[in-house]
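Q: Please take a close look at one part of this model, then work outwards from it. Which local features deserve attention?

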Amino acid sequence: MESKVKNTIISNNLIDKGSTLICGISGGADSVFMLHILDKLKAQLDFDIVITHIHHGLRGEEADRDLEFSKSLANDLDYDFYFTHVSMSDYAKENRITEEEAGRILRMNFFQSIAKKYDKALIALAHNFDDQAETVLQRIIRGSGIRGLKGISYKRDNIIRPVLDCKRSEIEAYLKNNDLKYMTDSTNLLSLYTRNKLRLEIIPKIKELNPAFSESIVRISKISDELYSYIESEANKIFDEISIIDDNKISIDLKELLKQNIVIKKELIFLAIEKLNKTREGITAKHLDSILELMNLQTGKMLNNIPKITVLKDYENLVFNKKEYFQSKNFDFELKLGKNYYKEIDNFIECEILKNGFEKTADRYTYIIDRDKIKGQLRVRNRKAGDKIKPLKMNGTKKVKDIFIDAKVSKEMRDFIPIVCDAEKLIWIIGFKKSDEVKIEKNTKNFLKIKFGGNDA
């Protein structure tokens, strides 16, 4: 078994020389096995070991027993020992998540806090071959995509799983043959959690049909891992070429995005969300489908149903914003001749006097007006309560609010739509309505061209 684990470590490049392994030890068979194997390999592979244990606030005396056992194990092997008490149930209720998820979060937070104390620290977790099969099956049941089917990684960031190739039966046999003591968690023998139900009830039934089921499903995970690695690599290259990243915003070139294969499109969307949220947790197939649908809707449409993110279809880009950044912000600036950049809308508005007369254009983002009909200074601002405009080819005025409602512009987006006005009236709700009061007529002598866009700040 030592050679098997050593091979896993070397073939997957899990441990660099001089590393310190923060070993998560529950006291159960898997973690005790991992610790004893790593203890035998540490001199050969040149790494050190630290033992950590987390008391989840469940199972009463049994949990206390596991803590004392882990502490004794660290003492016997002469390793530094860290432990903490948490309340998994309270954390789950406070954050409206399952106890399983709460346990994972609390454990990882603790392990990472210990890792910060050491240079070249790696967190070693004792997931095994059977855990891999259970994880992939669980994700299939949930309807996971190819990224989920690749299962548990040997290494991700500073987390390693050196015994992932070892079967549970092999682990238990090794412990028995070497007379190594370990603790049994009685809740693992009950179908209280999804994983336990899979392990105790569902997988044994499937193995009646296919005794090699675990091997088959792990094979699927390896194939999925290979496929996803290629998709991820290609998507990252394209993402770097067609996106602009800010602290709170990512803009993806819509024209280039629409050219991509659907698989790459989805991965590019995931990458944008992940870079802003630092995770893909909570993003479902429905969220993804709604973003894909948004790409084919009219300019100005926005989604607000993505966790922590808003997604806007701009006229050139698909724009992902952090929700805390995408708050209503009033703006009001002078619009001068030349090219004007406005940070609040992250775009340009250009004013140009046309010396050779009228230019014909049907562009929603260009308006040529009669310069002599302007009263006072041109300005660019967002909407105000009671705003009205007299649209082209329409008798009377219409409220800006009603224009936005008719165009189905989301409430969150309305305060970000720029409006050109003068001292007396609205001239242009950019992308929506142009004013009849400044239109070109037969007797117009002075022409002013206002153009929105460019977005190359």
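A: Asp-157 is exposed, because its relative accessible area is 71% (exposed is over 50%, buried under 20%, partly exposed in between, with a 1.4 Å probe and protein chains only). This is a predicted model: local features need pLDDT of at least 70, side-chain atom pairs count only at pLDDT 80 or more, and totals for chains, interfaces and linings use all residues. Residues are numbered from 1 along each chain as its sequence is written, and side-chain values use heavy atoms, with hydrogens and water left out.

Asp-157 sits in the loop between strand E5 (155-156) and strand E6 (159-160) (strands, E, at least two residues, and helices, H or I, at least four, are DSSP runs numbered from the N terminus). Its phi is near 60°, a positive value in a residue other than glycine. Most residues other than glycine have a negative phi.

Lys-308 makes a second case. Its phi is near 70°, again positive and again not in a glycine. The loop here runs between strand E9 (302-306) and strand E10 (309-313). Lys-308 counts as exposed, because its relative accessibility is 57%.

Now Asp-66. It belongs to helix H3 (residues 60-77). Asp-66 is buried, because its relative accessible area is 4%. Leaving out residues up to four places away in sequence, Asp-66 touches Ser-26, His-53, Arg-59 and Met-183 (contact means heavy atoms within 4.5 Å).

His-53 also appears beside Thr-84. Thr-84 contacts His-53, Ile-54, His-55 and Phe-110, not counting neighbours within four places in sequence. Thr-84 is part of strand E3 (residues 80-85). At 22% relative accessibility, Thr-84 counts as partly exposed. Its C-alpha atom is 5.1 Å from that of Ile-54, and the two residues are 30 apart along the chain.

Phe-110 leads on to the aromatic rings. Rings of Phe, Tyr and Trp (its six-membered ring) pair if their centres lie within 6.5 Å; planes under 30 degrees apart are stacked, over 60 edge-to-face, and the rest tilted. By this rule there are nine aromatic pairs. Phe-110 and Phe-111 have ring centres 6.2 Å apart and planes at 45°, so this pair is tilted. Both Phe-110 and Phe-111 are buried. Phe-404 and Phe-432 have ring centres 5.7 Å apart and planes at 80°, so this pair is edge-to-face. The pair links distant parts of the chain, 28 residues apart: Phe-404 is in helix H14 (residues 400-406), and Phe-432 is in the loop between strand E20 (426-429) and strand E21 (433-434). Phe-404 has 0% relative accessibility, so it counts as buried. Phe-432 has 21%, so it counts as partly exposed.

Charges meet rings too. The charged end of Lys-167 sits over the ring of Phe-129, 5.6 Å from its centre (NZ of Lys or CZ of Arg within 6 Å of the ring centre and within 35 degrees of the ring normal). Lys-339 places its charged end over the ring of Phe-348, 4.8 Å from the centre.

Last, a helix pair. The axes of helix H6 (residues 129-142) and helix H9 (residues 194-209) come within 10 Å and cross at roughly 95°. That crossing makes H6 roughly perpendicular to H9 (65 to 115 degrees; under 35 is roughly parallel, over 145 roughly antiparallel, the rest oblique). Residues making the contact include Leu-137 and Ile-141 of H6, and Leu-198 and Ile-202 of H9.

Key:
Axes fitted to C-alpha atoms, helices over the stretch in contact; angles between N-to-C directions.
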